[in-house]
Amino acid sequence: MQQFLVLLRHEVLLEWRQRNALGGILLYVVSTVFVAYMTFKVVPALSWIALYWVMLLFAATNAVAKSFMQLAPGRMLYYYTLVPPTRFLLAKLVYNALLLSVIQLLTAAIMSILVGNPVADMGWFLLTGWVGVLGISVILTLVSAIAQKASNQSTLMAVLSFPVVIPVLVLVIRMSKQALDGLDRSVGYSWLMNLAAIDLLVIAVAVLLFPYLWKD
Amino acid sequence: MMKNWYKWVAGILLLYTVWFGLMGEVPRKVVLNESIRNLYFHVPMWFGMIIILAASVWNSVKYLQTSQLKYDLRAESTAKVGILYGVLGLITGMLWAQYTWGEWWSSDPKQNTSAIALLIYLAYLVLRGSFNESAQRARIGAVYNIFAFAALIPLLFILPRLTDSLHPGNGGNPGFGAYDLDGRMRAVFYPAVLGWTFLGFWLVNLRNRIQTLRMKNEEA
């Protein structure tokens, strides 16, 4: 636990020292929303949901992609001598989940300001969205650990993660639509359970597989 | 002879499937008519694909346990044959859909799921292609293979149940249940599944042997 907290603090510190990278991600969100706003002007409600998730997915991919790639060569080996792999992975997972939660809220906020917000049940929209973002962040974290080993990192990042992310996206977009229409929340309980189950599944698989990725 | 039993079984069952699949009696159904025979060729592709891809994951797990490159070779061969079956399944399905649903692609959940499955395994090949060192390629490929298969499972079970589908066996459409009652079709369908699956493993076996020879050649 102590090690985990140190690692987590370390992640936040690293990010803070490279504030321009963090700023870049946030600016990325703002500019994509602005491009969408300039091309659409008026966004129909259903497209609002689709746009929101597409932009969030791209911003998330960019944000998480650097989580392993920014490591200096040999740095993994250094960590390897210090901490067990699962603890290292868990610190990364928690940090990336936090980062993506911020991006999720930011995307929603900027979209609401620029193009308006048609969602009827915003609490449910953000809650179910967050469960989806959690799953996406786990998938992206493991894929970035995989892609980091290869030469063509940024292409691989998209190619490897997008098809795997689809089940999460399909479920979460369903619940977003439900929130958009302001339907009774109980309608979505079984979807939310399914989504949480997928989250747990990918976390378990990531924890099982990560030790193999990291011995180099 | 004993080692090759499944090749004989595959040959005999497929001859049986093609002959009775095309010549045997089938129930007359509205819309479906003779296209119902696609059951013997299209559906076994999916059964075969899932079984062969499961074998691929199993080989990847074995590789991570033992670090022996022969398991990695098998994982790659099985994934490639799985992709071949997936493509064939998609083509036979689309041909059938054009004549019964009137569209090549109608955003049916089963069509989408299978397209995503193909994307995942093509990505697996791209990933493998971007490593030069065979041990690293094998290890990281194995990790992605297992991860992707685990992520595919919810897709196969959840996605088709969320939406209504035109596909037989879904949402009030004439499903397999109705045909399964027909003993004549069942007598061809089950052997067909077995035959196509064995043929897939034969292909895997051939590819393994070719690759092994190629590797020996390079070393020599």
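These legends accompany several views of a predicted model.

**View 1. The helices of chain A.** Let's start with the secondary structure: chain A has eight helices and zero strands. Following the sequence from start to end, the pattern reads α-α-α-α-α-α-α-α.

**View 2. The overall dimensions of chain A.** The C-alpha trace of chain A spans about 55 × 35 × 30 Å along its principal axes. The radius of gyration of chain A is 18 Å, which agrees with the value near 17 Å that a compact globule of 216 residues would have.

**View 3. Burial and contacts within chain A.** Of the 216 residues in chain A, 49% are buried. If you look at contacts between residues at least 6 apart in the sequence of chain A, 83% of them join residues at least 24 apart.

**View 4. The surface and charges of chain A.** The accessible surface of chain A amounts to about 9,600 Å², and carbon and sulfur atoms account for 70% of that area. Chain A carries 13 positive and 7 negative charges, and the mean positions of these two sets lie 11 Å apart.

**View 5. A close-up of Glu76(B) and its contacts.** Here we move to chain B, where Glu76(B) sits in helix H3, a helix made of residues 69–100. Glu76(B) counts as buried because its relative accessibility is 14%, and buried means under 20%. Leaving aside residues up to four places away in sequence, Glu76(B) touches Tyr124(B), Arg128(B) and Arg207(B). Take a moment to find these partners in the structure above.

Note on methods: Residues numbered from 1 in each chain as written. Chains lettered and ligands numbered in written order. Predicted model: local features only at pLDDT ≥ 70, side-chain atom pairs only at ≥ 80, totals over all residues. Heavy atoms only, no water. Helix = DSSP H or I, 4+ residues; strand = E, 2+ residues; numbered from the N terminus. Rg over C-alpha atoms; globule rule 2.2 N^0.38 Å. Buried < 20%, exposed > 50% of the residue type's maximum accessible area, 1.4 Å probe, protein only. Contact = heavy atoms within 4.5 Å. Areas by Shrake-Rupley, 256 points an atom, 1.4 Å probe, with all protein chains shown as cover. Lys, Arg positive; Asp, Glu negative; His and termini not counted. Charge placed at Lys NZ, Arg CZ, Asp CG, Glu CD.
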